[in-house]
Amino acid sequence: MAEESESKQSAVESVMGKIIGKIHDHDSSSDSDHKNPSSPSSVEAKIYRVLGRERPVHHVLVVEKSADLLLWRNKKISAGVLGGATAIWEPFLQVASALTLELNQALKLLRDIASGRNPKKFLMIIAASWVLSIVGSWCNFLTLFYIAFLLLHMVPVFYEKYEEKVDLFAEKAMVEIKKQYAVFNVKVLSKIPIGPLKTKKV
């Protein structure tokens, strides 16, 4: 019996020695990995992460609130956002459909203008483009944008204050423009031949 207990004790000691040896080997190899991170053993030890990230997803998403929202840490807020997005999807589709319709009509109008079917609007576009090119030659785009921004904030106030005078002046100007256009139409536009647009075979 004494021999049996001695053999068991020696077996336990040998197992313990092996475990201690493995722990010591692991510590020394991890120290060498920290000193030389580009060694092959450290590359093999790395876990594959999507997009090569080394930090948890919560830290990758920069703002913690958005990370909490996207990772469903606060289930009520995440469900509320998802429900809200779902609730506004039907009206969003209607707005997108209406905008598409308006855009198609605007493109049809531009096509008619470019083809010469509507000479009055064609001339208005030419005049507006000419004025914009002259104003654009005086300043750059940002300055032009700033001037337009100022006018949008000043013109309504000016119009509200001097509404009667502005309306009277605008009426006189429109009468004069219509007279000049009628003369131009008779002398120039009516003499320009306008042929039918060729339709493509589908």
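Does Asp-167 count as buried, partly exposed or exposed, or, put more exactly, which of these classes fits its relative accessibility? I will come to that in a moment, after noting that what we have here is a predicted model.

Let me start with the overall picture. The secondary structure of the protein chain comes to 9 helices and 0 strands, so that reading from the N terminus the elements run α-α-α-α-α-α-α-α-α. Of the 202 residues in the chain, 5% count as buried.

Now to the residue I asked about. Asp-167 sits in helix H9, and at 34% relative accessibility it counts as partly exposed, because that class lies between the 20% limit for buried and the 50% limit for exposed. Asp-167 also belongs to a patch of negative charge on the surface, where it gathers with Glu-160, Glu-163, Glu-164 and Glu-171. Helix H9, which covers residues 163-187, gives the most to this negative patch, with 4 residues.

Turning to the nonpolar side, Tyr-146, Phe-149, Leu-150 and Met-154 form a surface patch whose accessible area together is about 410 Å². One of these, Phe-149, is found in helix H8, residues 141-161, and with a relative accessible area of 43% Phe-149 is partly exposed.

Finally, a word on the record. The UniProt annotation "transmembrane region", which comes from an unreviewed entry, covers residues 122-152. In the model, the span of residues 122-152 is 94% helix and 0% strand, and its end C-alpha atoms lie 25 Å apart.

Note on methods. Residues are numbered from 1 along each chain as its sequence is written. This is a predicted model: local features need pLDDT of at least 70, side-chain atom pairs count only at pLDDT 80 or more; totals for chains, interfaces and linings use all residues. Side-chain values use heavy atoms; hydrogens and water are left out. UniProt positions are given in the numbering used here, feature names are shortened, and annotations may be inferred rather than shown by experiment. Helices (H or I, at least four residues) and strands (E, at least two) are DSSP runs, numbered from the N terminus. Patches are made of residues with over 30% relative accessible area and no salt bridge: like charges are joined within 9 Å, nonpolar side chains (Val, Leu, Ile, Met, Phe, Trp, Tyr) within 5 Å. Accessible areas come from the Shrake-Rupley method with a 1.4 Å probe; for residues, only the protein chains shown count as cover. A salt bridge is a side-chain nitrogen of Lys or Arg within 4 Å of a carboxyl oxygen of Asp or Glu. Lys and Arg count as positive and Asp and Glu as negative; His and the chain ends are not counted. The place of a charge is taken as NZ of Lys, CZ of Arg, CG of Asp or CD of Glu. Buried means under 20% relative accessible area, exposed over 50%, partly exposed in between (1.4 Å probe, protein chains only).
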